Structures are given as structure tokens and as C-alpha cells.
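Okay, thanks for making room for me today. I'd like to walk you through one model, so have a look at it while I talk.

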Amino acid sequence: MSSNEQTFIAIKPDGVQRGLVGPIISRFETKGFRLSAIKMCQPGQEHLEKHYSDLSDKPFFRGLISYMNSGPICAMVWEGRDAVKTGRVLLGATNPAASSPGTIRGDFAIDVGRNVCHGSDSVENAQKEIALWFKKDELTSWKSAQNDWIYEKP
């Protein structure tokens, strides 16, 4: 897979309020991913309903939207080989109780309703989410000077 795959990661209001933005960014940087875009925002109900439209028929949908609208969100785009799949591994299971120690949710969360982060679950969804949260001119693709130390040459 291309080393330019992108994923969307959002630190939810609980993660921002608990001061976990730095430690979460550090996990992605330490793994070797490149930060392509980042912003703090409070996007509003309509935006969040679009983002979570696939869950609109779930009983928890209204509560999820209300919670996600309750405080600032740190929206990010990370870039690198298998960014979507590996990003999900870094986050851990959606339910923190099922997340392994060493994952973000395994280390920083207890309750599924306060699981600290959102991460794209497919390349297609990553592309949709990135387009929803960022304008094209807000994305920066770049090659890290460490690239040859992270990726084996084919």
C-alpha cells in the first residue's frame, strides 16, 4: 500500500478536556505517521449528524451527537503506510474494556461512551471524513526526513 494513505482521527471532547491531545499525537508520531492537518473545533450539531449519519438509526445516536457537541474536538489527518488499519490498532477496540493495554483506549479510557478518540474504519470512510472536516488547502502532504528509517525500500 502507498505510504501516502490518510486517515481521520478525532480526539473527542473527553480526550480534549482530560488533556490527552499531546499524548495521543505523540503515539501517532512515535509510530512513524506524519501529521497532515490538525485543528481544534466545535463543529456543531448538523456537521456531527453528517459525520455519524451511518449511526442515525441507533438508539444512542442523539446522545452521541449531544456529547460530541459538548466541547472542543481535535480533528486530525495522519498519513503513512496502512494509516487507517494501523490507526485503528493504535486506538484499540471501540469499547475500552476490550482494548489491550498499550492502545490509546486501553490506556486512557474506561467507558465506551467516553472512549477518547474516533478513527476512520476504512480508506473510503477516511476520504469522506477528511473531506467533511478539512478543506483541500488545509491538508499538507510532506516527506519526513525520517522516512527511510521508518519504511524499507521496496
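**A walk from the domain to the pocket**

So, let's start with what the record says: UniProt, in an unreviewed entry, lists residues 4-141 as "domain: Nucleoside diphosphate kinase-like". Keep in mind that what you're looking at is a predicted model. In that span of residues 4-141, the end C-alpha atoms sit 8 Å apart, and the make-up is 41% helix and 17% strand.

Now the chain as a whole. You've got eight helices and four strands, and if you read from the N terminus the order is β-α-α-β-α-α-β-α-α-β-α-α. In other words, a strand and then two helices, over and over.

How does the radius of gyration compare with that of a compact globule? For 154 residues a compact globule would come out near 15 Å, and the protein chain has 15 Å, so the two agree. The box around the C-alpha atoms, taken along the principal axes, is roughly 50 × 35 × 25 Å. Of the 154 residues, 45% are buried. And here's one for the contact fans: take the contacts between residues at least 6 apart in sequence, and 78% of them join residues at least 24 apart.

Okay, on to the pocket. The largest pocket has a volume of about 640 Å³. It is lined by 25 residues, and the ones nearest its centre are Tyr 52, Asp 54, Leu 55, Leu 64 and His 118. By class, that lining splits into eight nonpolar, eight polar and nine charged residues.

Which element gives the most to the lining? That's helix 7, with four residues. Helix 3, helix 4 and strand 4 are also on the list of elements that each supply at least two. If you want to find them on screen, helix 3 is 45-51, helix 4 is 61-68, strand 4 is 117-119 and helix 7 is 123-133.

Let's stop at His 118, one of the residues nearest the pocket centre. The same residue turns up in the record: UniProt, again in an unreviewed entry, lists His 118 under "active site". His 118 lies in strand 4. Buried or exposed? His 118 has a relative accessible area of 12%, and the cut-off for buried is under 20%, so His 118 is buried. Setting aside residues up to four places away in sequence, His 118 touches Phe 8, Ile 9, Ala 10, Lys 12, His 51, Tyr 52, Leu 91, Arg 105 and Glu 129.

You may have caught Lys 12 and Arg 105 in that list of contacts. UniProt has a "binding site" feature, also from an unreviewed entry, at Lys 12, Phe 60, Arg 88, Thr 94, Arg 105 and Asn 115. And the lining of the largest pocket takes in Lys 12, Phe 60, Arg 88, Thr 94, Arg 105 and Asn 115.

Two of those are worth a click. Phe 60 sits in the loop between helix 3 and helix 4, and with a relative accessible area of 45% Phe 60 is partly exposed. Arg 88 is in helix 5, and at 31% relative accessibility Arg 88 counts as partly exposed too. Leaving out residues up to four places away in sequence, Arg 88 touches Thr 94, Gly 119, Ser 120 and Asp 121.

Last stop, a bit of backbone. Most residues other than glycine have a negative phi. So which residues here go the other way? Asp 82 is one of them, with a positive phi of about 55°. Asp 82 is in the loop between strand 3 (73-79) and helix 5 (83-91), and at 27% relative accessibility Asp 82 is partly exposed.

Val 116 is another, with phi near 75°. Val 116 also lies in a loop, between helix 6 (104-108) and strand 4. At 0% relative accessibility, Val 116 counts as buried. Beyond its neighbours within four places in sequence, Val 116 is in contact with a set of residues including Ala 10, Lys 12, Gly 15, Arg 18, Ile 104 and Phe 108. For Arg 18, the C-alpha atoms are separated by 9.1 Å, with the two residues 98 apart along the chain.

That's my tour, so over to you.

Notes:
Residues numbered from 1 in each chain as written. Predicted model: local features only at pLDDT ≥ 70, side-chain atom pairs only at ≥ 80, totals over all residues. Heavy atoms only, no water. 1 Å grid on protein atoms, 1.4 Å probe; cavity = no way out; pocket = protein on both sides within 12 Å on 5 of 7 lines; lining within 4 Å. Points joined across faces, edges and corners; volume = space filled by probe spheres on them. Nonpolar A, V, L, I, M, F, W, Y, C, P; charged D, E, K, R; others polar. UniProt positions renumbered as here; feature names shortened; annotations may be inferred. Rg over C-alpha atoms; globule rule 2.2 N^0.38 Å. Buried < 20%, exposed > 50% of the residue type's maximum accessible area, 1.4 Å probe, protein only. Contact = heavy atoms within 4.5 Å.
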